[in-house]
Amino acid sequence: MAEGSDPADERSKSYRGGWPYYRHKDELTGGSRQGTATEGERFGRFKLVDQFGEKVDLFDFYNEDGKMILVDQSAAWCGPCNSTAAYMDGRENGYDFLAPLRDAVERGELYWLTVLIQDVQGNPAGEETVRDWYDLYKTREIPVLADSDYDLAMYMPAPGVPAFALLNPDLTVAAFDARNGFEGLDAAIAEYTR
C-alpha cells in the first residue's frame, strides 16, 4: 500500500484494488476484537490479505460519505456463498433479492467486503483462495479478503456461512444475519433501501 495518495485525484489510490484509505483510522476509538461483535458498537479492527496480496485494514472503510459497509463472511466450498458472489458479479441466478445491494455497490453507495474463511477443501483461506475466488467472480468493487486465522470468523456471531454484518459508515454494527441464512439480511436490505 502506498501511503500519501492524493485524495483530490481519483486515480491516486493507496490500495491496488482501489479500496478506500482513511488516514485518521488510528484515532478511531473502539473496535476491539475481544469477544463477539455487538450491534451498536464499532466493529473490530481486522487486517486481512486481499486478492492482490495486500493487507487491507477494515478501518480504512470508515467514511463520512454515508456509505454503509456489508461484511460477507463466506467459504469457497459453500454453494449459497458462491451463488451470492455470482449474483453480485452480474449473473442472474435467482438471488434477485440482492438487487438493491448490487445496485448500491455498482453506484458506489455501498461497500461490500467478502471475507473467505475456508478454501474449497475446508482448509483456512489464504492468498491463493482469494485470488481463485476473484478469478471466478471479478466484481472489481468488492475486496475479497482471507481470514486465514479465523479471527473474524470467531468474532462474528454466526454459526456458519454465509453470514453478514451491515456496518454504519462509522463502522458501528447496524445489523447481523447470525442465523446462517438470509432472513436477517432481508431486514438489513429493507432498512438500507428505505
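Starting at the N terminus, the elements of this protein follow the order β-β-β-α-α-β-α-β-α-β-β-α. That gives five helices and seven strands. Keep in mind as you explore that this is a predicted model.

Let's look at the whole chain before the details. The protein has 194 residues, and 52% of them count as buried. Its exposed surface is about 9,300 Å², with carbon and sulfur atoms supplying 45% of that area. Now think about which parts of the chain meet. Among contacts with a separation of 6 or more, 66% are between residues 24 or more positions apart.

Next, find helix H3, which spans residues 127-136. Which of its residues are buried? They are Thr129, Val130, Trp133 and Tyr134. These residues sit on the same side of H3, because they cover an arc of only 130 degrees around the axis. A general rule helps here: an α-helix has 3.6 residues a turn, so residues three or four places apart point the same way. Turn H3 around, and the face away from its buried side shows you the exposed residues Glu128 and Asp135.

What covers the buried residues of H3? The cover includes helix H1 (79-88) along with three strands: S1 (47-49), S4 (110-116) and S5 (144-146).

Now move to the largest nonpolar core, which has 28 residues. Within this core, Phe43, Ile69, Leu152 and Leu167 touch the most other members. The elements giving two or more residues to it are the strands S3 (68-74), S4, S6 (163-167) and S7 (173-177), together with helix H4 (151-155). Apart from this core lies another one, made of 16 residues, and Val130 of H3 is among them, as are Cys78, Ala85 and Tyr137.

Phe43 deserves a closer look. Leaving aside residues up to four places away in sequence, Phe43 touches Gly31, Ala37, Leu58, Phe59, Leu152, Tyr155, Met156, Ala165, Leu167, Leu171, Thr172 and Val173. Two names in that list, Leu152 and Leu167, may look familiar from the core.

Finally, travel back towards the start of the chain. Where is Tyr21? Look in the segment before S1. Is Tyr21 buried, exposed or partly exposed? Its relative accessible area is 25%, and buried would mean under 20% while exposed would mean over 50%, so Tyr21 is partly exposed. Tyr21 and Val56 are 35 residues apart in sequence, and their C-alpha atoms are 9.3 Å apart in space.

Conventions. Residues are numbered from 1 along each chain as its sequence is written. This is a predicted model: local features need pLDDT of at least 70, side-chain atom pairs count only at pLDDT 80 or more; totals for chains, interfaces and linings use all residues. Side-chain values use heavy atoms; hydrogens and water are left out. Buried means under 20% relative accessible area, exposed over 50%, partly exposed in between (1.4 Å probe, protein chains only). Helices (H or I, at least four residues) and strands (E, at least two) are DSSP runs, numbered from the N terminus. The arc is that of the directions from the helix axis to the C-beta atoms. Contact means heavy atoms within 4.5 Å. A nonpolar core is a set of buried Ala, Val, Leu, Ile, Met, Phe, Trp, Tyr and Cys residues joined through side-chain atoms within 4.5 Å. Accessible areas come from the Shrake-Rupley method with a 1.4 Å probe; for residues, only the protein chains shown count as cover.
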